[in-house]
Amino acid sequence: MTNKKQALAIAQVVEKGLAKRKARERRFRLAGLSAIIVSLIMLVVLLSSIVLTGLPAFTQTAVKLDFTYDQDLLPSAESLNDEVIMAMDFHGLVKKTLREKFPEVSSRKDKKQLYSMISSGTPYDLRDALMADHELLGQTVSLWVLADDEVDSFFKGSKTVTDTKLSEKQISWIETLKAEERIRTQFNWTFFENGDSREPELSGIRGAMMGSLFVVLVTLLLSFPIGVAAAIYLEEFATQNRWNDLIEININNLAAVPSIVFGLLGLAIYINLMGMPRSAPLVAGLVLTLMTLPTIIIASRAALKSVPPSLREAALGLGASKTQMIFHHVLPQAMPGMLTGSIIGMAQALGETAPLLMIGMVAFIVDIPSGFLDPATVLPVQIYLWADSPETAFLERTAAAIMVLLVFLIMMNLLAIWLRKKFEKRW
Amino acid sequence: MDKPIMMNEKVNFALTMGMTDTDDIREETDTTEIKQMATVGSPLLSEKKSRMTCRNVDVFYGDKQAINNVSLDVGKNEVLAMIGPSGCGKSTFLRCLNRMNDTIDICRVEGSIKLDGQDIYDKSLDVVPLRARVGMVFQKPNPFPKSIYDNVAYGPRIHGLVSNKAETDAVVEESLKSAGLWEEVKDRLDAPGTGLSGGQQQRLCIARAIAVKPEVILMDEPCSALDPIATAKIEELIDELRAEFTIAIVTHSMQQAARVSQRTAYFHLGDLVEVDKTDKIFTSPSHQLTEDYITGRFG
Amino acid sequence: MSTEHNHTFKRFDKDLDKLRSQVERMGNEVSRQIDLLLGHLQAGKMTDYDDVIENDMTINGLENKANRTVIKLLAKRSPMGRDLRVIIGFSRMITDLERVGDELVTMAKSLADAKELPDCFDGNNTITLAEMLVMAMNLLDRALLAAQNEDLETAQDMLQKSLTKQSSYKIKLAEMIECVKKHHAESSNGFHSALQTHSLQRVCDHICNICQHTVFMVTGEDVNHEED
């Protein structure tokens, strides 16, 4: 009978302890869950704030005006060519058109306000239209032209009546245009077609995108082959001695060096010593190559190490030479890991700002770069520059540029995943 | 109980003559080249009959000696089994025969190993064609992560034995047939080699090895990772291959050695203890160490 | 060298010992069989030989058990070398012992029906059936002991001396047969006498086989001695 009592007592103790243990487990699980939830919330908050701020940048306000390519514009009875067109006074044409639209405007101050409602790039648009089609001379065309960024912000609703810089008169003119259906919002193609500009409505990220593209291209073309070759040498051919241990330690340490140091190196050696052009994608690419090489080498070495020795033995046993073994068997097997490491390295390079600032990419570049030696800027730097500007429109565009950059990074990571899956499936 | 060790002839003689002080004997025997064990049985064959001849082979891993003074012949068109407890050096010795030990930095091979009279460790000899003449099948099946076709075709391609698709097709078919795998895979030659079952993979590795038409095939415990049915199929295959190739097989299973081989060599702690006809080894071996091993008296 | 124990598989040693003791018991029973026959001969009662039959059934039972042990050993252990020879050797001995038992039963049945013994009192030669049986028993015991001890010398000695045509057993048996031919050929007892001498011959052959099996166990050689 005592046995039964003992058993019961033990069971009771276990029961009591069980409750405590279960409670502890529940608390632990709760802590983990709440950590995940908090981080997800923060992520959502971050993303949504960026998206909400940036979305308006993808639309722009345009005004429809009727422009008359008056014969008077032509100074003399000459035939039209680009040189002649360049000399024409399109600024005057714009002003004239606006005055014709709002004939009641008389005072100089008011006229100034009227003129400032249209983007300062409009005269150039008119000129380009005429250059494209000489027949326009003497005709009247209705064109949708970009509104000034203040008008744009107000019309889109980014700024309310209270905090807009527009005057009452300007607001009433906007109402008039609205009533005549001569003002609308349209998709902001300018954002993707233009380079940087002082005027927010004319600014775009095309320059920065092309710059980023060139830089990433240079980095990829240089760092992947060099990195993979170095990894193969270190892993397959180098003998185990002190020199190679030293090299290995140095490579591992390089991966942890702050990226701005590489920028300093680029400045000192590539630009000062070797005299390469400042702010060029080539130089940026060289700097970023140095930065991503350690990552690629380490990832590639790990991938090579992970190839099972049984595969190597099988190849050698058949009479393959060492090189054949490496290139026919080991390398294909290690390729997924190498590619993943490279693309992660590239994604890192895409988002680098500090070293590129060092080599001069902080300059205000308007033209779209067309080659590797043209001065350029990159997306992160563009974001940094725009973030400095006070205009609301630039605020929106900064967020929009961040969105574009994020999309690029996501696409690159997806590419890495897809490539890895493709290689894994093949074998 | 102490097991009697077969001693050097001279030492034996000296002891029977009544010299009890072994120090004297040691001085005398240090100058001879025979070190410890003299192999019992018939390790050597006539020149006509042997495909590979090994004389006084020593193998060192750094300072540690793994193989002591082994002299052994592998006969033409015979299956030679090498048995012995773990760590006795049989795999090490096998890998010397196709110079696979070259891949291990600290491994040093001394002595002479000849294939058809040619020293395979000659400095001027390229190890790559040697490995085409002496093929190897490993313990764990290791087909390439390629298609079945490419697995078998790889060897002939890199050695230049085939020059067009028709020839390659013929070699692949012939090798797969010889390995007894053709019927099972002829409809899916493009399927990955790694998708086959264990036994099929091993047969694929054998097909791959024989595609380069070697003279000798080395097998390092080829069945140890396979189930009994797959094992039986491979043993059957070894029996058939004997007509064309010379085979040296390392095995942990004495029954397998008894089933597939004509001659058996027993290794013990790096020494070659006994070599003889398989039937004799397994019914009445001459050496006590051999007897103890095959009857299971290991302790 | 005697077979050492200390297999890594302790069971193996146990199973081998079991086989050994089963064969030993069988040998003892066969010896006892001869003893029973002798007892009957001395008492002069040959009609009642049920005990001999019963003992033979015991021997047959032991044979079955021992055979099963052999099968188990072969299937489970895949024996090699000396173990293989020992097991095969004992397996063969089991058969021979069982046959000896059968021969003794035949002899007993024959003695029950016979009118007189094949004993010979012919001048110098005095050979009785009892005497022959005693000699056979001694030979059997010697052979079985040699087998249990794996005593090669004794076995070879027996094959070369005690079981050849020149051995005392064979000589005496030859004389008995001569005697039977001379004296009992005419009588109706000739049949039984012939049967009994034949049994004595067969018993000797089986003991000879046992010695050959012992030689095989130790050396692995198959020794066949010439048939008479």
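Biologist: Which strands form a hairpin in chain B, and what does the turn look like?

Modeller: This is a predicted model, and in it S2(B) and S3(B) make the hairpin, with two residues between them. B:Gly62 sits in that turn and has a positive phi of about 65°.

Biologist: What makes S2(B) and S3(B) count as paired?

Modeller: The cut-off is at least two bridges between the strands. S2(B) and S3(B) run antiparallel and are joined by eight bridges, so they count as a pair. For one position to look at, take B:Val57, whose bridge partner in S3(B) is B:Val70.

Biologist: And how do you know that S2(B) pairs with S5(B)?

Modeller: By the bridge count again: strand S2 (residues 50–61) and strand S5 (residues 107–115) of chain B share eight bridges in the antiparallel sense. With at least two needed, they therefore pair. B:Met52 has B:Leu115 as its bridge partner in S5(B), and B:Phe60 stands opposite B:Arg108 in S5(B).

Biologist: Why are S3 and S6 of chain B called edge strands?

Modeller: Look at the order of the open sheet: S3-S2-S5-S6 in chain B, four strands with antiparallel pairing. Strand S3 (64–75) and strand S6 (118–119) each pair on one side only, and that earns them the name.

Biologist: On to the helices. Why are H5(B) and H6(B) called roughly perpendicular?

Modeller: Their axes cross at roughly 110° and come within 9 Å. The window for roughly perpendicular is 65 to 115 degrees, so H5(B) and H6(B) fall into that class. The crossing is right-handed.

Biologist: Which residues meet there, and how many of them are nonpolar, polar or charged?

Modeller: From helix H5 (residues 148–158) of chain B come B:Tyr149, B:Val152, B:Ala153 and B:Pro156. They meet B:Thr168, B:Val171, B:Val172, B:Ser175 and B:Leu176 in H6(B). That splits into seven nonpolar, two polar and no charged. Tyr, Val, Ala, Pro and Leu count as nonpolar, so Thr and Ser are left as the polar ones.

Biologist: What about the two chains: how many residues of chain A are in contact with chain B?

Modeller: 14 residues of chain A, and they touch 20 residues of chain B. Helix H13 (309–317) and helix H14 (322–350) of chain A each supply at least two residues of chain A's side. H13(A) gives the largest share, six residues.

Biologist: How does chain A's side divide into nonpolar, polar and charged?

Modeller: Six nonpolar, seven polar and one charged.

Technical notes: Residues are numbered from 1 along each chain as its sequence is written. Chains are lettered from A and ligands numbered from 1 in the order in which they are written. This is a predicted model: local features need pLDDT of at least 70, side-chain atom pairs count only at pLDDT 80 or more; totals for chains, interfaces and linings use all residues. Axes are lines fitted to C-alpha atoms, for helices over the stretch in contact, and angles run from 0 to 180 degrees between N-to-C directions. Angles under 35 degrees count as roughly parallel, over 145 as roughly antiparallel, 65 to 115 as roughly perpendicular and the rest as oblique. A crossing is left-handed if the near helix is turned anticlockwise from the far one by less than a right angle, and right-handed if clockwise. Two residues are in contact if their C-beta atoms, placed from the backbone, lie within 7 Å.
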